[in-house]
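User: I would like to go through the two ligands and the pockets of this protein slowly, and to ask at each step what stands behind the words used.

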Amino acid sequence: MVNPENRMNAIQLQAKSLGIDLDALPSHIAVIMDGNGRWAKKRGLVRLLGHREGYKTLRRVLLDCSELGIQYLTVYAFSSENWRRPQEEVSGLMALIEAAARDELRLMHQNNVRVRVAGRVSEVPQGLQNALHHGIETTRSNSGITFTLAINYGGRAEIVDAVKTLIKQGIDAEQVSEELISANLYNPDIPDPDLMVRTAGEMRWSNFLVWQSSYSELYVTEKSWPEFGTDQLLEGICQYQGRIRKFGAVVDD
Ligand code: IPE
Ligand code: IPE
Ligand code: MG
């Protein structure tokens with residue numbers, strides 16, 4: 001049960017005033033943080049400044065989700081296709097993510113955040129790998145929100161990696177099942193996302209959580225990631241709560 005009204009924090013009160021049921025929040029929210037480049041271009045700035053601004057948004061969204069009582073937040077920070085970008089942008093992004101991973105660790109740990117990663121992490125620069133592993137180890141036993149950074153992540157690559165693991169284990173074709181594939185993804189203990197958010201209006205999924213998003217509810221906002229605020233987060237949750245999830249069955253509505 002949710003706290004009585006006088007013990008709620010500010011964002012819970014705001015959510016409640018919008019009609020959000022705090023006992024029926026999405027357990028897992030996954031976000032495609034898009035539009036940093038467009039945000040910068042519109043202001044005559046270099047793309048990397050858009051990514052910096054996006055970092056500020058992520059800090060707030062993580063805090064918002066944690067205070068609301070969301071259990072899992074997964075964000076798409078760098079896709080396996082983003083290596084196609086100019087080298088300067090790629091190295092700038094890697095440096096930004098590494099600095100963020102180091103600078104945010106203390107606050108995340110204080111807030112009981114458990115850090116995870118998804119993706120082919122062994123292919124990112126060594127300094128970033130070290131920072132991520134340090135974050136994961138430090139926060140391993142925390143019991144608050146699980147924050148997963150998808151980095152060098154591709155949904156198809158994740159399925160390929162799971163299949164490779166099964167073959168290495170010598171699994172028979174007859175034994176292959178959806179459960180077995182799910183159990184060999186990068187974070188098998190994390191439930192599928194209930195709500196998937198994309199910013200900057202793009203109506204595609206760009207290889208994010210391909211396997212896990214089969215029955216996720218979708219929310220796309222025109223706002224770019226640097227402009228994404230608490231209002232949009234709550235709007236996404238409102239829309240989610242207005243949907244009827246059927247999972248292929250017949251449900252009276
Ligand atoms: C999302 O913003 C961040 C990353 C992909 C790392 P973009 O950089 O894709 O921004 P747009 O889509 O070019 O505006
Ligand atoms: C998806 O955004 C990847 C991340 C947000 C990290 P992109 O901007 O790379 O996707 P496309 O290229 O528009 O499909
Ligand atoms: Mg983009």
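Analyst: What follows is a set of questions and answers about the ligands and pockets of a predicted model.

User: Why is the pair formed by ligand 1 and the side chain of Arg 47 called a polar contact?

Analyst: A polar contact needs a pair of N or O atoms within 3.5 Å. An oxygen atom of ligand 1 is 2.9 Å from an N or O atom in the side chain of Arg 47, so this pair meets the cut-off and counts as a polar contact.

User: What makes the pairs with Arg 85 and Gly 37 count as well?

Analyst: The limit is again 3.5 Å between N or O atoms. For Arg 85, an oxygen atom of ligand 1 is 2.7 Å from an N or O atom of the side chain, and for Gly 37 the partner is a polar backbone atom, 2.9 Å from an oxygen atom of ligand 1. Both distances lie within 3.5 Å, and therefore both pairs are polar contacts. As for the ligand's surface, the protein covers 87% of the 380 Å² of accessible area that ligand 1 has on its own.

User: Which residues surround ligand 1, and which elements do they come from?

Analyst: There are 13 residues around ligand 1, and the closest are Met 33, Asp 34, Arg 38, Arg 47 and Arg 85. Helix H2 (36–42), helix H3 (47–68) and helix H4 (87–110) are the elements that give two or more residues to this shell, and H2 gives the most, with three residues.

User: What makes Met 33 nonpolar and Asp 34 charged in a count of the residues around ligand 1?

Analyst: Met belongs to the residue types counted as nonpolar and Asp to those counted as charged, so Met 33 and Asp 34, which are among the closest residues to ligand 1, fall into these two classes. Taken as a whole, the shell around ligand 1 divides into three nonpolar, five polar and five charged residues.

User: How do you know that ligand 1 sits in the largest pocket?

Analyst: A molecule sits in a pocket if more than half of its atoms lie within 2 Å of the grid points of that pocket. The space taken by ligand 1 is the largest pocket, so ligand 1 passes this test. The space taken by ligand 2 is also the largest pocket.

User: What is known about the volume and the lining of the largest pocket?

Analyst: The volume of the largest pocket is about 950 Å³. It is lined by 46 residues, of which Met 33, Asn 36, Tyr 76, Ala 77 and Phe 78 are the closest to its centre. H3 gives the most to this lining, with 10 residues, and the lining residues divide into 25 nonpolar, 11 polar and 10 charged.

User: Why do Arg 198 and Arg 204 count as polar contacts of ligand 2?

Analyst: The distance must be within 3.5 Å. A polar side-chain atom of Arg 198 lies 3.4 Å from an oxygen atom of ligand 2, whereas for a polar side-chain atom of Arg 204 the distance to an oxygen atom of ligand 2 is 2.8 Å. Both values are within the cut-off, so both pairs are polar contacts. Taken alone, ligand 2 exposes 390 Å², and the protein buries 78% of that.

User: Which element gives the most to the shell around ligand 2?

Analyst: E2 gives the most to the shell around ligand 2, with four residues. By class, this shell has five nonpolar, three polar and four charged residues.

User: How much space lies in the second largest pocket, and which element gives the most to its lining?

Analyst: About 480 Å³ of space lies in the second largest pocket. Of the 27 residues that line this pocket, the closest to its centre are Ser 182, Leu 185, Asp 192, Trp 211 and Gln 212, and H7 gives the most to the lining, with four residues.

Conventions:
Residues numbered from 1 in each chain as written. Chains lettered and ligands numbered in written order. Predicted model: local features only at pLDDT ≥ 70, side-chain atom pairs only at ≥ 80, totals over all residues. Heavy atoms only, no water. Near = heavy atom within 4 Å. Polar contact = N/O pair within 3.5 Å; in protein donor to acceptor, adjacent residues only side chain to side chain. Areas by Shrake-Rupley, 256 points an atom, 1.4 Å probe, with all protein chains shown as cover. 1 Å grid on protein atoms, 1.4 Å probe; cavity = no way out; pocket = protein on both sides within 12 Å on 5 of 7 lines; lining within 4 Å. Points joined across faces, edges and corners; volume = space filled by probe spheres on them.
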